[in-house]
Amino acid sequence: MNIIQKPVPNFKKGRGSHRPEIIVIHIGEGTKEQIYQTFQTEEKSSHYLVCKNREIWQFVKDENTAFTQGYKVNPTAKIVLERPDVNANDYALSIENEGNSGD
C-alpha cells in the first residue's frame, strides 16, 4: 500500500507516556483538498485520510499526537471514562474519511 505523506503543522510531537490504544474514525465533511486545507489553517488534524479514490494520505506520524478528538462532553466509552485527566488524542490514532455524513 502506498501512503502519500501530506504533513500538516497542527500536531504535538510525541505522545508523552502514552501509546496508541484506540482507533477513532471520522467523516471529514468535505473533499480531500478541503480537509487538507482545514488541517493547514485550523488547529485540527488527524493521522490519516482515506480518500474516495482509494488513496491514503498521512498527515501526522503515528508516534505523534494529532488534534482530532475535540473536547470530552459526557463521554460514554469505557477507555475515556477510565482516563478522566488524559486527552484522548494522546492514546488514539485517528482516521478521517473523505466525504460528508450524508454520503
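This is a short walk through one sheet and two loop residues of a predicted model.

Okay, let's start with the sheet. Five strands make up an open sheet, and going across you meet them in the order β1-β5-β4-β7-β3, with mixed pairing. On the edges sit β1, residues 3–5, and β3, residues 22–27, and each of those pairs on one side only. If you look at how neighbouring strands of this sheet are turned against each other, the average is 25°, ignoring direction. As a quick reminder, strands of a sheet pair through backbone hydrogen bonds, and that can be parallel or antiparallel.

Let's zoom in on one pair. Strand β4, which covers residues 48–50, runs antiparallel to β5, residues 56–58, and the two are joined over 3 bridges. So who faces V50 over in β5? That's I56.

Now for the loops. D90 sits in the loop between α2 and β7, where β7 is residues 92–97. Is D90 buried or exposed? It counts as buried, because its relative accessibility is 11% and the cut-off for buried is under 20%. The side chain of D90 also makes a polar contact of 3.1 Å with the side chain of K12. Leaving out neighbours within four places in sequence, D90 touches K12, R15, H18, R19 and T65.

The other one is P75. You'll find P75 in the loop between β6, residues 65–66, and α2, residues 78–81. P75 has 33% relative accessibility, so it counts as partly exposed. Again skipping neighbours within four places in sequence, P75 is in contact with V80 and L81.

That's my tour, thanks.

Technical notes
Residues numbered from 1 in each chain as written. Predicted model: local features only at pLDDT ≥ 70, side-chain atom pairs only at ≥ 80, totals over all residues. Heavy atoms only, no water. Helix = DSSP H or I, 4+ residues; strand = E, 2+ residues; numbered from the N terminus. Buried < 20%, exposed > 50% of the residue type's maximum accessible area, 1.4 Å probe, protein only. Contact = heavy atoms within 4.5 Å. Polar contact = N/O pair within 3.5 Å; in protein donor to acceptor, adjacent residues only side chain to side chain. Pairing = 2+ DSSP bridges. Axes fitted to C-alpha atoms, helices over the stretch in contact; angles between N-to-C directions.
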